[in-house]
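Trainee: Could we go through this structure together, and could you show me how each label is earned?
Mentor: Gladly, let's look at it first.

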Amino acid sequence: MTAAPRPPLPPFTRETAIEKVRLAEDGWNSRDPEKVALAYTVDSRWRNRAEFLTGRDAIVAFLTRKWARELDYRLIKELWAFDGNRIAVRFAYECHDDSGNWFRSYGNENWEFDDDGLMRRRHASINDLPITESERKYHWPLGRRPDDHPGLSDLGL
């Protein structure tokens, strides 16, 4: 059984790569591990920091752990480069731990998609910066970033 295609499909144009990045951002801002995992192939391979994952079940488990400790998570992704079936993005997210300590995490991801638009490889490098609550830049209600909210470049990130 094959998964339904997830447009936009490769090969990407600048416009479709930007659309794919925003769809990924929207999915992650839902903080719904089951929903997010559907954007990846059944055997998707990830490197996230120093953790290596294979498959949707591992992705669901990872994201469930992630969002249990990264509270009030808000993410912005921005296209960096694209070619054929690959997209590179940079991102930053803000969250706090259960003690109220805020962080902004910066990173880069390299993505590779199959012909149906499912991500089969994701390589993420991420650095965390402790911030004060007053240094936060993401203040929209939890969920999808509003269309009129500034992106990374607009925020000077």
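Mentor: Let's start with a hairpin: β5 and β6 form one with five residues between them, and Gly117 in the turn has a positive phi of about 80°. Keep in mind that this is a predicted model, where local features need pLDDT of at least 70, side-chain atom pairs count only at pLDDT 80 or more, and totals for chains, interfaces and linings use all residues. Residues are numbered from 1 along each chain as its sequence is written, and side-chain values use heavy atoms, with hydrogens and water left out.

Trainee: How do you know that β5 and β6 pair?
Mentor: Two strands pair if DSSP finds at least two bridges between them. Strand β5 (residues 102-113) and β6 have twelve bridges, in the antiparallel sense, so they meet the rule of at least two. Phe113, for instance, stands opposite Met119 in β6.

Trainee: What makes β1 and β6 a pair?
Mentor: Five bridges join strand β1 (residues 40-48) to strand β6 (residues 119-131), and these two run parallel. The bridge partner of Arg47 in β6 is His123. Strands here are DSSP runs of E with at least two residues, helices are runs of H or I with at least four, and both are numbered from the N terminus.

Trainee: Why is the pair of Trp28 and Trp46 called stacked?
Mentor: Rings of Phe, Tyr and Trp (its six-membered ring) pair if their centres lie within 6.5 Å; planes under 30 degrees apart count as stacked, over 60 as edge-to-face and the rest as tilted. Trp28 and Trp46 are 6.0 Å centre to centre with 20° between the planes, so both values fit the stacked label. Because Trp28 lies in helix α1 (residues 14-30) and Trp46 in strand β1, the pair ties together parts that are 18 residues apart in sequence.

Trainee: How do you know whether Trp46 is buried or exposed?
Mentor: Buried means under 20% relative accessible area, exposed over 50%, and partly exposed in between (1.4 Å probe, protein chains only). Trp46 has 2% relative accessibility, so Trp46 counts as buried. Trp28, at 5%, is buried too.

Trainee: What makes the pair of Trp46 and Phe62 edge-to-face?
Mentor: Their planes are 75° apart and their centres 5.7 Å apart, so the angle is over 60 and the distance within the limit.

Trainee: Why do we say that Lys77 sits over the ring of Trp28?
Mentor: A charge sits over a ring if NZ of Lys or CZ of Arg is within 6 Å of the ring centre and within 35 degrees of the ring normal. The charged end of Lys77 is 5.3 Å from the centre of the Trp28 ring. Lys77 also lies over the face of Phe91, at 5.1 Å from the ring centre.
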